[in-house]
Amino acid sequence: MTALLRKPALLLALAALTGMAMSPARAQSAVTEGQKLAFDRGKGNCLTCHVIKGGDLPGTIGPELKDIKSKYPDRNELVAIIFDETKRNPQTMMPPFGRNRILTEQEISAIVDFLQTL
Amino acid sequence: MKPRSALLLGSLSAALVAFALTSPRVVAADKVDPVADAKAFRNFFFQKFPDVKHEDFVNGPYSMNADMKRQWQEKEEFPPYEFALDAGKEMFATPFKNGKTYADCFPNGGIGIRQNYPYFDEKEGKVVTLELALNRCREANGEAPYSYVKDEMASLTAYMAFTSRGKPMDIRIPDDPRALAAFENGKRYFYTRRGQLNFSCASCHVQSPGERIRAEILAPALGILNAMPIYRSEWSGMGTTSRRFVTCNSQTRAVPLEPQADEYRDVEYFLSYVANGLPISGPGARP
């Protein structure tokens, strides 16, 4: 940190980064919101097909949602899967949540925040 | 043989083999072939579930899960569709105001004939389902038609299925281009994705039978109509084939068709034909 403080440009960059990233409290509320959306039958309803920690009576069609951060280090990939997985796999059962407006972009983003905690 | 002619012969035979391999597929894509379709459909399920007895597919989710099957068999001692069956039997025997009965409208007095429905009516040029035939019978005798989805219609079809239990499904496709077109149209409807959730009938009932959506086990498409009508705990009551199609459409957030719309009649024709040979098991009970 002392090294950083001595370099004004780096300090500036750091300040800009923290400003862009969400504050911890906001990040936590996005995760909570994401979990709610993921379990809600009228929204993500992810539990219908996937085992998810903390969810009751999961279905068996999709893979268990765990170790998501190591499997998908790039959150954009998760966003793309939720938005329209038929693009990657035309045979998929997974509904195109974004393309068919089941979820908004913000809702998808919140679900991705939640998935990355699994 | 000179090397050059051997090469020529070799490539010629390779071309012939390639032609022989690809041409049947080309023909199959061009021509409506219900016999081949039904065989492929059945074999898909027989190979996917080698341990399920063929005649057991008509028991839907219970054929896929031993625990559920045991619970269901116990329930069958006092089946939840019994009240509908009794009501249907009585309705069937009660004359219309003109003195005629349902028996007058059907071959063999309507007893033991469920396995022949739906059939292709060459006069009308369309598929006629049992539900449709029942309402036409009522209207021809001056009675108001029933709702297609439940109550009286479910009771009548429950009774007619019950008198046909164990008889192998026996759907005919006459040598009529309109009948073949109806079969093909039903097949297309079955495999087409629709609705906000983007599911086809096949997504759940061909790709995923035996899998669970939350706590519910998905039924195999093979023989799914042999059990109709059904008592569903989820409905707290009886439902007909029409009701099954309408609810499937709404559950996938598609716009359901009117009961007995041409597409529903055609998809019933397709699904029943591919189940030929499997026993009638209706009325059924489902979670």
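**Exercise 1.** State how many residues chain A and chain B each give to the contact, and sort the chain B side by class.

*Solution.* Two residues are in contact if their C-beta atoms, placed from the backbone, lie within 7 Å. Chain A gives 12 residues and chain B gives 11 residues. Next, the classes: Ala, Val, Leu, Ile, Met, Phe, Trp, Tyr, Cys and Pro count as nonpolar, Asp, Glu, Lys and Arg as charged, and the others, Gly among them, as polar. The side of chain B that touches chain A then has five polar, three nonpolar and three charged residues.

This is a predicted model, in which local features need pLDDT of at least 70 and side-chain atom pairs pLDDT 80 or more, while totals for chains, interfaces and linings use all residues. Residues are numbered from 1 along each chain as its sequence is written, with chains lettered from A and ligands numbered from 1 in the order in which they are written.

**Exercise 2.** Describe the open sheet of chain B.

*Solution.* Strands (E, at least two residues) are DSSP runs, numbered from the N terminus, and two of them pair if DSSP finds at least two bridges between them. The order of the three strands is S6-S5-S7, with mixed pairing. Strand S6 (237-239) and strand S7 (284-286) of chain B are the edges, each pairing on one side only. Strand S5 (residues 230-232) of chain B joins S6(B) by three antiparallel bridges. B:Tyr231 has B:Met238 in S6(B) as its bridge partner.

**Exercise 3.** Count the helices and strands of chain A.

*Solution.* Helices are DSSP runs of H or I, at least four residues. Chain A has six helices and zero strands.
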